[in-house]
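Student: Could you take me through one part of this model closely, and then set that part beside the rest of what can be read from the fold?

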Amino acid sequence: MTVRRSIFLVLLLAGCGGPSAKPQLVWGQRGVLDGQIVRPRAVAIINDHLFLVDFTARVQRYDLNGEYENVTWATPDYRNGRPSGLGVGIDGNLLVCDSHYHCLRIYDIDGHELHKYGGIAGEEPGQFGYISDCVQDADGFYYLSEFGSNERITKLDRDGKFVATWGKPGNAPGEFNRIRSLAIGPDGLLYIADACNHRIQVCERDGTFVRSFGEQGSEPGKLQYPYDLAFSSAGDLYVIEYGNHRVQKFRTTGESSGVWGKPGKKPGELNNPWALAVDRFGRVHIIDTDNHRVQRIAF
């Protein structure tokens with residue numbers, strides 16, 4: 001069923017000195033009908049299709065302008081909780097972190113489940129706690145982040161078989177406090193949103209610590225609960241900050257190169273944003289969670 005949604009087109013103001021405060025596009029309407037959203041939690045873009053999962057446990061598919069594409073599905077059970085992470089597989093499939101059911105589900109873009117890895121709660125190899133995110137590298141390996149009972153990253157092969165795991169609770173290098181998101185950088189390294197340590201950690205794909213950047217604060221270069229991160233094709237790293245209600249742009253070396261957003265409900269303002277994705281045009285799609293909408297910016 002196609003529903004009428006509120007879509008506001010806003011011209012991006014030209015000029016120098018950083019990004020415009022005005023978004024290019026704002027879309028979304030709160031509701032439980034197809035195409036509507038309730039507290040969207042995660043986003044992924046595959047072949048110009050934008051996928052959202054929200055608080056109702058629905059995964060829905062849109063185009064890059066927010067037009068609903070008549071594709072909606074839900075995970076098999078969500079009485080214990082909803083998925084909170086989406087990723088993109090190298091075969092063009094959607095990686096759904098079924099967080100409270102301790103498994104990774106892989107779907108094609110029309111919502112057909114292809115694989116399920118995990119499903120047993122625990123600390124042993126092949127068992128999982130709360131899975132927050134998943135990425136897949138060019139060699140087919142999956143990297144799953146967990147927090148809560150397990151503060152760690154687990155590496156699986158392309159068939160879902162256990163390869164390695166690393167990490168433990170703490171704030172030292174290689175230790176984690178609520179990993180919210182993962183991304184593989186243009187340098188082939190794994191970038192980790194270590195949310196409650198207010199930093200980004202970087203490691204080799206075998207878990208070897210490389211560097212970290214960020215500390216708690218609101219000044220450029222500092223972070224307040226980084227919840228998601230994504231790279232553009234140009235190699236820029238974008239980080240969504242739940243606590244600062246903004247997006248921050250970094251070089252891979254950890255130097256800040258701009259911020260966008262502030263608390264509020266108007267276009268250009270954010271309310272506890274959870275996630276973001278960057279499309280092939282370099283535009284950043286921000287999941288403005290508690291405003292029940294998506295804002296698109298050219299940063």
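Tutor: What follows begins with a single arginine and then turns to the largest pocket and two sheets. Please keep in mind that this is a predicted model.

Let us begin with Arg293, which lies in strand β25, a strand covering residues 293-298. Is Arg293 buried or exposed? Its relative accessibility is 9%, and because buried means under 20% relative accessible area, Arg293 counts as buried. The side chain of Arg293 nevertheless has polar partners: a polar contact of 2.7 Å joins it to the side chain of Asp288, and one of its polar atoms lies 2.8 Å from the backbone oxygen of Lys265. Both of these partners, Lys265 and Asp288, also appear in the list of residues in contact with Arg293 once neighbours within four places in sequence are left aside. That list further includes Val26, Trp27 and Gly28, together with Ile37 and Pro40, and it takes in Lys266, Pro267, Glu269, Ile286 and Ile287 as well.

From this residue we can move to the largest pocket, whose volume is about 800 Å³. Its lining is made up of 36 residues, and those that lie nearest the centre of the pocket are Ile45, Val88, Ala230, Phe231 and Val278. The elements that contribute two or more residues to this lining are β3 (42-46), β7 (85-88), β11, β15 (179-184), β19 (226-231) and β23 (275-278).

Two of those elements, β11 and β15, lead on to the sheets. Strand β11 belongs to an open sheet of four strands, ordered β11-β12-β13-β14 and paired in antiparallel fashion. At the edges of this sheet stand β11 (130-136) and β14 (162-166), and because each has a single partner strand, one side of each is left without a neighbour in the sheet. On average, neighbouring strands here are turned by 20 degrees against each other, direction ignored. Within the sheet, β13 (residues 152-156) runs antiparallel to β14 and is joined to it by four bridges, and Ile153 has Trp166 in β14 as its bridge partner.

Strand β15, in turn, belongs to an open sheet of four strands in the order β15-β16-β17-β18, again with antiparallel pairing. Its edge strands are β15 and β18 (209-213), each of which pairs on one side only, and the average turn between neighbouring strands of this sheet is 20 degrees, direction ignored. Four bridges connect β17 (residues 199-203) with the antiparallel β18, where Phe213 stands opposite Ile200.

Note on methods:
Residues numbered from 1 in each chain as written. Predicted model: local features only at pLDDT ≥ 70, side-chain atom pairs only at ≥ 80, totals over all residues. Heavy atoms only, no water. Buried < 20%, exposed > 50% of the residue type's maximum accessible area, 1.4 Å probe, protein only. Polar contact = N/O pair within 3.5 Å; in protein donor to acceptor, adjacent residues only side chain to side chain. Contact = heavy atoms within 4.5 Å. Pairing = 2+ DSSP bridges. Axes fitted to C-alpha atoms, helices over the stretch in contact; angles between N-to-C directions. 1 Å grid on protein atoms, 1.4 Å probe; cavity = no way out; pocket = protein on both sides within 12 Å on 5 of 7 lines; lining within 4 Å. Points joined across faces, edges and corners; volume = space filled by probe spheres on them.
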